[in-house]
Amino acid sequence: RRLATSLASVLRLLPADGSLRALTPGKIEDYKARRRAESVKDITLRHDLCALSALLRYAHKQGWCDGRALDDVRIPPARDAVRFMRVSPAEFSRYLDAAERLGHTDLRDLALLIWLQGARPGEVLVARGEDVDTTRGTWTIPRSKSAAGRRVLRLAPEALSILARRAARTLGLSAWLFPSPEVPDRPRGTPTRAHAETLAPCGQRWVLYDLRHNFATDCAARGMPLPQLAYILGHADVRTVMRYVHVSQDQAAEAMQTWGPQAPTERIQLRLI
């Protein structure tokens, strides 16, 4: 589904018969220019071109084309293609109020858990009652997207309250804390429509994953060491954390004022004279 979505716009480059042999680096560069003129972000452009790369590799194995149309085309690197929208506490509060008014309880709890714990949306949605230890105040995430694997997170008080409430509500009905409304023995999917409905009256534009970036950025700003932050986020590599930490110009200026080296006063006065 991810490949199909990304390829939907790219495949307009092809002739009516869908021949990949007609695809050239020049046409792909024209496509990049057109998409940027449409205000498409680099992260979307990267997804499009990576999907095309996968298609070309497969086509080359099948003998449909030489698979080299992307060889001379620059794909935006991951470090330049990070899409991030800062969400202020005031904006997030308005969002939660809107979710409450609209009756999107699952969405409200999901967003709060990402905001408070930095977990991936998918990790929250597949949480089980057995993963939460209300006595110790911990949440075990047994599987991870990366090689970091299982991790145990200390829960913020409000996060513990949310998970304990959901565990009590689903006890005996479902193993999942966010069960599907239609099929309780399965976890629910991402509430994309509910999220869009909640954003509309708030006049905001961001995705749920942005809350994870906000968490990482705030933790780093408060001085949390990167190895600990990597563990909390479920990253096997500390370098990956830097894609989640977004430093503003004001923060950089404040850091320079606090931590930057100071020139010897005598030497500055001598040069001024």
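This report walks through a predicted model of one protein, from its overall make-up to a few of its buried residues.

## The protein at a glance

Let us start with the overall picture. The chain has 273 residues, and 37% of them count as buried. Its secondary structure consists of 13 helices and three strands.

How do contacts spread along the sequence? Among contacts between residues at least 6 apart in sequence, 60% join residues at least 24 apart.

## The largest nonpolar core

In soluble globular proteins, nonpolar side chains tend to be buried together. Here, the largest nonpolar core has 40 residues. To find your way into this core, look for F92, Y95, W139, L208 and L211, which have the most contacts inside it. Several elements each supply at least two residues of this core, including helix 4 (89-102), helix 6 (121-125), strand 2 (138-141), helix 9 (209-221) and helix 10 (226-233). Helix 5 (105-117), helix 7 (157-170) and helix 8 (192-202) also belong to that group. Which helix gives the largest share of this core? Helix 5 does, with seven residues.

L211 is a good place to see how the sequence comes together here. Not counting residues up to four places away in sequence, L211 touches V87, F92, A111, I114, W115 and W206. Another core, of 18 residues, lies apart from the one just described, and has V10, L23, L45 and C65 among its members.

## A closer look at helix 7

Helix 7 has 14 residues. From its first C-alpha to its last it reaches 20 Å, close to the 20 Å expected at 1.5 Å a residue. Which of its residues are buried? They are A159, I162, L163, R166 and T170. Seen down the axis of helix 7, these buried residues fall within an arc of 90°, so they line one face of the helix.

The face turned away from that buried side carries the exposed residues P157 and A168. On the buried side, the cover includes helix 5, strand 1 (132-133) and strand 2. Just after helix 7 comes G172, which takes a positive phi of about 80°.

## T198 in helix 8

T198 lies in helix 8. Is T198 buried or exposed? It is buried, with a relative accessible area of 0%. Leaving out residues up to four places away in sequence, T198 touches Y95, A98, A99, L102, H104 and L107. Y95 may look familiar, being one of the residues with the most contacts inside the largest core.

The side chain of T198 also reaches the backbone oxygen of A194, at 2.8 Å. For a sense of how the chain folds back here, compare T198 with L96: the two are 102 residues apart along the chain, yet their C-alpha atoms are separated by 8.3 Å.

## S9 and its partners

Now move to helix 1 (residues 2-10), where S9 is found. At 6% relative accessibility, S9 counts as buried. Beyond residues up to four places away in sequence, S9 touches Y31, R35 and D48.

Two of these partners deserve a second look. The side chains of S9 and Y31 are joined by a polar contact of 2.9 Å. D48 is 39 residues from S9 in sequence, and the two are 7.9 Å apart in space, C-alpha to C-alpha.

## Two buried residues in loops

Buried residues also turn up in loops. S180 sits in the loop between helix 7 and helix 8, and at 12% relative accessibility it counts as buried. A polar contact of 3.2 Å joins the side chains of S180 and E182. Leaving aside its neighbours within four places in sequence, S180 is in contact with R186, P187 and R188.

H235 is in the loop between helix 10 and helix 11 (238-241). At 8% relative accessibility, H235 also counts as buried. The side chain of H235 is joined to that of R212 by a polar contact of 3.2 Å.

## Cysteines

How many disulfides are there? A search of the whole structure finds zero. Two cysteines can still be placed with respect to the surface. C65 is buried, with a relative accessible area of 9%, and is among the members of the 18-residue core. C202 is buried too, with a relative accessible area of 16%.

Methods
Residues are numbered from 1 along each chain as its sequence is written. This is a predicted model: local features need pLDDT of at least 70, side-chain atom pairs count only at pLDDT 80 or more; totals for chains, interfaces and linings use all residues. Side-chain values use heavy atoms; hydrogens and water are left out. A nonpolar core is a set of buried Ala, Val, Leu, Ile, Met, Phe, Trp, Tyr and Cys residues joined through side-chain atoms within 4.5 Å. Buried means under 20% relative accessible area, exposed over 50%, partly exposed in between (1.4 Å probe, protein chains only). Helices (H or I, at least four residues) and strands (E, at least two) are DSSP runs, numbered from the N terminus. Contact means heavy atoms within 4.5 Å. The expected span of a helix is 1.5 Å times one less than its number of residues. The arc is that of the directions from the helix axis to the C-beta atoms. A polar contact is a pair of N or O atoms within 3.5 Å; within protein, one must be able to donate a hydrogen and the other to accept it, and residues adjacent in sequence count only if both atoms are side-chain atoms. A disulfide is a pair of cysteine sulfur atoms within 2.5 Å.
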